[in-house]
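Thanks for coming. I have one model to go through today, and I will take it ligand by ligand. Please look at the screen.

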Amino acid sequence: MRCFLAVLALTLGLGCSRGQPKKDPAGSDAPSLRLAVVTDLKGYLEPCGCTSEPLGGIDRLAAQIRALREGPAPVVFLIAGDTFFDTAELEPVRVDQANRNAKTLAGILDELEVDAVLPGRRDRAQPPEALDVLRQGSRGSWLAMETDAEVLQIEAGSLRLAVVGVRPGAERDSVAVVVGPAQAESDLTIALVDGSRRDANRIGAVDGVDFVLHGGLDEDEPIPPHQAGQAWVLHASRQGQGLTIVDVYRKKKKEPFVDRSEWSRSERASQIDRQIEDLSARITAWEKSGDVDAADLEAQRRRLVEMKKERQALDAPTVQTDGNALFATWIPLSKKAPKDRQVEKLMREHDKVVNAANRVAFAGLEPPLLGPDDIAYVGSAACAGCHQTAYAWWRNHAHGVAYLTLQQRNKEYNLDCVGCHVTGYDQPGGSTVTHNLDLALVNVGCESCHGPGAAHAKDAEKVGILRDTPESMCVVCHTPEHSDLFDYDAFRKTIVVPGHGLPPMVR
Ligand code: HEC
Ligand code: HEC
Ligand code: HEC
Ligand code: HEC
């Protein structure tokens, strides 16, 4: 088993910062089963690629799932929370693209033999026709679409699992009524939940539940296993950025599980380290000030000793157990993680289909009309004649090739992308997904920063143009989600260069 994990870690390309399986926690045998957990996928086939360290990709997820299935333990693949859509009420122009995206995703999940999906609130808000199309193409069971709670029985190796889907906002009692008989007939009971922390805890406290998959948090940071009642709550970040793998060692019925995860241990250790540091500093300050009651101070010192004891205990080697145990790891799907080629091919096909469909569907889509005080966009080439050095600089800057970035990926007609990689998008006299004045407005042109320039370009003597560009103009595109490292001063400095904003270099 020890070797196996090491080999698996290699083949999976785990670069996991949250701690990866170092040694078998619960004896030398293989786990009874492995849970592969995804939460809040939200229709993400892959990350946009704009940020410094993009995480995610259904092709990378697929590679992990397939590698797990090669292993000795049976794999149960479960998804909770918004899975196919990231918006409850889609803008009409986006409906077709979002549905097509959801369909591709549903098809891929089906290929990967997902065992159960608990769709989230945004999924459920879609029109029934759209959901029907997706469900027809999904062998994996969507749970609790019609009832408060629904049970799916799964065989995993020698174990019988009750997977209980809980509809968002379901009453605890109606869940307990369903869980009761289901858990009595099975070896392990897993509840799939879409809701708040309180909801997850509420369902975890239902008698007989062993695990809760917590969808609906919509958080980037994956949360290590934590207890709610007798159950362990599992989470795996969002947008397919990573998956949580839980090795389940199920030895005895009706016995609580012990968490042996390095992930939880190291998270708890750093939490206590912070608390110890904090309290030590405060005690020192109190000692100096001299105006804190001696008994109070003594109580705080004792608290500190207790904390240090707990911290030390965490460093002790994990005790072997012959009882029930779980061992969870979070696998970030970074650029280094391997891809499943077959799924990657489906994604690339999908991009082409979306591009082609949008190109036709939006042909003739015009930007808002010019108002009496509006100025139209002309495109960067119209500036080149009078601002040659600026133009030459821009052509080689990232802004000057922003459209190529999309074209290389067959995404230049993709509504999720085009707006920030062109000039004057959806502005009066600007561009749309198809309308760009014969490519004059593609890329992030001069006018993205200096404002629409038709009037200035026509008569520069009479009409001026905005010189400096405030931060507010950049952050329309440089949002935290798409430009994680954006810093106005630092980024601005790199675009104000000789020939553009500074005198040209004289040799
Ligand atoms: C017909 C020539 C001509 C064209 C075309 C032209 N400009 Fe200018 N531009 C000028 C002149 C002349 C000035 C004023 C002198 C100077 O400061 O260099 C100027 C000044 C500017 C300034 C500085 C404004 C200020 O207040 O200091 C910016 C920014 C600018 N232009 C951007 C653009 C952009 C963007 C375009 C294309 C949309 C463009 N220009 C097209 C001739 C032109
Ligand atoms: C219309 C959207 C848009 C606006 C407005 C915009 N940018 Fe950008 N910016 C982009 C895109 C898209 C890229 C990446 C293009 C590529 O590589 O394909 C980018 C890239 C950059 C880069 C290069 C980053 C790197 O890692 O090499 C800098 C620097 C930058 N922008 C600064 C700014 C500043 C400063 C402003 C405001 C004065 C601004 N941008 C306004 C869309 C925009
Ligand atoms: C909200 C605006 C916005 C949207 C929407 C957007 N981008 Fe970007 N993109 C940017 C900005 C800004 C950058 C530059 C980020 C930086 O360097 O900090 C960028 C950079 C990139 C880069 C990196 C370019 C390089 O060579 O380093 C890629 C690739 C990219 N975007 C692709 C996409 C794709 C594909 C989509 C659609 C799925 C998309 N973008 C949607 C704003 C956006
Ligand atoms: C990402 C935003 C951005 C883009 C794109 C951009 N500029 Fe600028 N531009 C600036 C900033 C910032 C300054 C500096 C303003 C200052 O110094 O007050 C500037 C300064 C200028 C100036 C005045 C200083 C000078 O060098 O004479 C001109 C002219 C100019 N830009 C033209 C252009 C032209 C032409 C393009 C397209 C080929 C362009 N800019 C693209 C942001 C941008």
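How far does a polar side-chain atom of His387 lie from a nitrogen atom of ligand 1? The distance is 2.8 Å. Keep in mind that this is a predicted model, so every distance I quote is computed from predicted coordinates.

Let me stay with ligand 1. There are 14 residues around ligand 1, and those that come nearest are Cys383, Cys386, His387, His456 and Arg467. Besides His387, two of these residues have polar contacts to go through. For His456, a polar side-chain atom is placed 2.8 Å from a nitrogen atom of the ligand. For Arg467, the partner is an oxygen atom of ligand 1, and the distance is 3.1 Å.

Where does the shell come from? Helix 11, residues 381-384, gives at least two residues to the shell around ligand 1, as do helix 14 and helix 15, the latter being residues 454-458. As for the space that ligand 1 takes up, it is the second largest pocket.

Next, ligand 2. Which residues coordinate the iron atom of ligand 2? They are His399 and His478, each through NE2, at 2.0 Å. The six donor atoms around this iron subtend angles of 83 to 180°, and the arrangement is therefore octahedral. In sequence the two histidines are 79 residues apart, so to speak of the pair is to speak of distant parts of the chain. His399 is in the loop between helix 12 (388-396) and helix 13 (402-407), while His478 is in the loop between helix 16 (471-474) and helix 17 (488-495). For anyone comparing with ideal geometry, six octahedral donors would give 90 or 180 degrees.

Is His478 buried or partly exposed? It is partly exposed, because its relative accessible area is 23% and the limit for buried is under 20%.

Around ligand 2 there are 19 residues, the closest being His399, Thr405, Cys474, Cys477 and His478. On the polar side, an N or O atom in the side chain of His399 is 2.7 Å from a nitrogen atom of the ligand. A polar side-chain atom of His478 is 2.8 Å from a ligand nitrogen. Thr405 has a side-chain N or O atom 2.5 Å from an oxygen atom of ligand 2. Two or more residues of this shell come from each of helix 13, helix 16 and helix 17. Helix 17 has the largest share, with four residues.

Now ligand 4. Its iron atom is coordinated by NE2 of His450 and NE2 of His500, at 2.0 Å. Again, this pair links distant parts of the chain, 50 residues apart. His450 belongs to helix 14 (446-450), and His500 is in the loop between strand 14 (497-498) and strand 15 (501-502). The site has six donor atoms with angles of 88 to 179° among them, and it is octahedral.

The two histidines fall in separate accessibility classes. His500 counts as buried because its relative accessibility is 17%, below the 20% limit. His450, with a relative accessible area of 24%, is partly exposed.

Last, the chain as a whole. It has 507 residues, of which 48% are buried. Its secondary structure comes to 17 helices and 15 strands. The C-alpha trace spans about 85 × 70 × 45 Å along its principal axes.

That is the end of my part.

Note on methods. Residues numbered from 1 in each chain as written. Chains lettered and ligands numbered in written order. Predicted model: local features only at pLDDT ≥ 70, side-chain atom pairs only at ≥ 80, totals over all residues. Heavy atoms only, no water. Donors = N, O, S within 2.8 Å, 3.2 Å for Na, K, Ca; no water. Tetrahedral: all angles 85-135°; square planar, octahedral: opposite > 155°, others 65-115°. Buried < 20%, exposed > 50% of the residue type's maximum accessible area, 1.4 Å probe, protein only. Near = heavy atom within 4 Å. Polar contact = N/O pair within 3.5 Å; in protein donor to acceptor, adjacent residues only side chain to side chain. 1 Å grid on protein atoms, 1.4 Å probe; cavity = no way out; pocket = protein on both sides within 12 Å on 5 of 7 lines; lining within 4 Å. Sits in = over half its atoms within 2 Å of the grid points.
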